[in-house]
Amino acid sequence: MGGRVTGAAGALADGLPGWVTLLRAPNPGPMTLDGTNTWVLRAGPDAPALVVDPGPADEGHLAAIAAQGPIGAVLITHGHPDHTEGAPRLRELLDGVPVLAADPAHTAGGDPLTADTRLDLGLDLRLLPTPGHTADSVCLLAEHDGDRVVLTGDTILGRGTTVVAHPDGHLGDYLSSLELLSTYREVPVLPGHGPALADCGAAADFYLAHRRARLDQVRAAVAAGATTAPEVVAVVYADVDRSLWWAAEWSVRAQLEHLGVEQP
């Protein structure tokens, strides 16, 4: 779930490894950009594929995913409906393939994702716990044939910035997650929305700078007399379409909490 739609968070990827396929869901909008990205990773023509984020419950999109079979597992980066709503129906189409998420509520046919999760699909896959956008957000580092990619869900988007979905999301956790992702220099980003990016580390640096600048703006707004999240939004996000202020308020509440400002 994105924030304000602006430019890319870094240089766009020139291309993707041959073992990566993008299927974009037909759910574009202010919070989903071009639509939810469903990523399909396959180590070889005869290997079972890994599907990341099935997206909404759109029959055409889910049929397109199922046509990528055989599929060994479906993984969820976080529990927002634009990433998970189609998972139960996709599992039906795939005859009960396991759907795995950090949150047990979105897990079926297996154990919830942890840093120790291992899948035998021919890919070197490592789960990176990256809470902040939501408490259950994870990223995935995948490697095959000498190429690496980071699947970031909504923690890093291909365009614009993301919201910290307070109270489930937490800004301190989010900043720590971005610092972790900043260590993956020159590793392409496969985001949950928007285009693929060339460099995870550079994108994380961009996000960190943006968040710190926003915190300075929130501090200034509070010092000038703003006392509630809506008042801060009206000052800090004055250049953002008012139809998105409800989402900006999530991030502002997280920012105020991070700064220790009491909220009504």
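Here is a short walk through the annotated domain, the salt bridges and a charged surface patch of this structure. Keep in mind as you look that the model is predicted.

Let us start with the record. An unreviewed UniProt entry carries the annotation "domain: Metallo-beta-lactamase", which covers residues 35–193. In the model, this span is 19% helix and 25% strand. If you look for its two ends, you will find their C-alpha atoms 6 Å apart.

Now to the charged pairs. Side chains of opposite charge can pair when their charged atoms come close. A search of the whole structure finds seven salt bridges, and a few of them make good stops on our way.

One of these joins D34 and R159, whose side chains meet at 3.2 Å, N to O. This pair links distant parts of the chain, with the two positions 125 residues apart. D34 sits in the loop between β1 (20–24) and β2 (37–41), while R159 belongs to the loop between β8 and α4 (171–181). D34 has a relative accessible area of 34%, so it counts as partly exposed. R159 is also partly exposed, with 21%; the cut-off for buried is under 20%, so R159 falls outside that class.

Next, turn to the helices. E179 forms a salt bridge with R212, and their closest N and O atoms are 3.4 Å apart. Here too, distant parts of the chain are linked: E179 lies in helix α4 and R212 in helix α5 (residues 200–223), 33 residues apart. E179 is partly exposed at 39% relative accessibility, and R212 is partly exposed at 43%.

Stay on helix α5 for another pair. R219 and D216 form a salt bridge, with 2.7 Å between the closest N and O atoms. Because they are three residues apart in this helix, R219 and D216 are separated by about one helical turn. R219 has a relative accessible area of 43% and is partly exposed, as is D216 with 48%. Elsewhere, E59, R89 and E92 are joined into one network by salt bridges that share partners.

Finally, let us look at charges on the surface. D124, E143, D145 and D147 form a negative surface patch. Within this patch, D145 is found in the loop between β7 (138–144) and β8 (147–153). Why does D145 count as exposed? Its relative accessibility is 67%, and exposed means over 50%, so D145 belongs to that class.

Definitions and conventions: Residues numbered from 1 in each chain as written. Predicted model: local features only at pLDDT ≥ 70, side-chain atom pairs only at ≥ 80, totals over all residues. Heavy atoms only, no water. Patch = residues over 30% accessible without salt bridge, like charges linked within 9 Å, V, L, I, M, F, W, Y side chains within 5 Å. Areas by Shrake-Rupley, 256 points an atom, 1.4 Å probe, with all protein chains shown as cover. Salt bridge = Lys/Arg side-chain N within 4 Å of Asp/Glu carboxyl O. Lys, Arg positive; Asp, Glu negative; His and termini not counted. Charge placed at Lys NZ, Arg CZ, Asp CG, Glu CD. Helix = DSSP H or I, 4+ residues; strand = E, 2+ residues; numbered from the N terminus. Buried < 20%, exposed > 50% of the residue type's maximum accessible area, 1.4 Å probe, protein only. UniProt positions renumbered as here; feature names shortened; annotations may be inferred.
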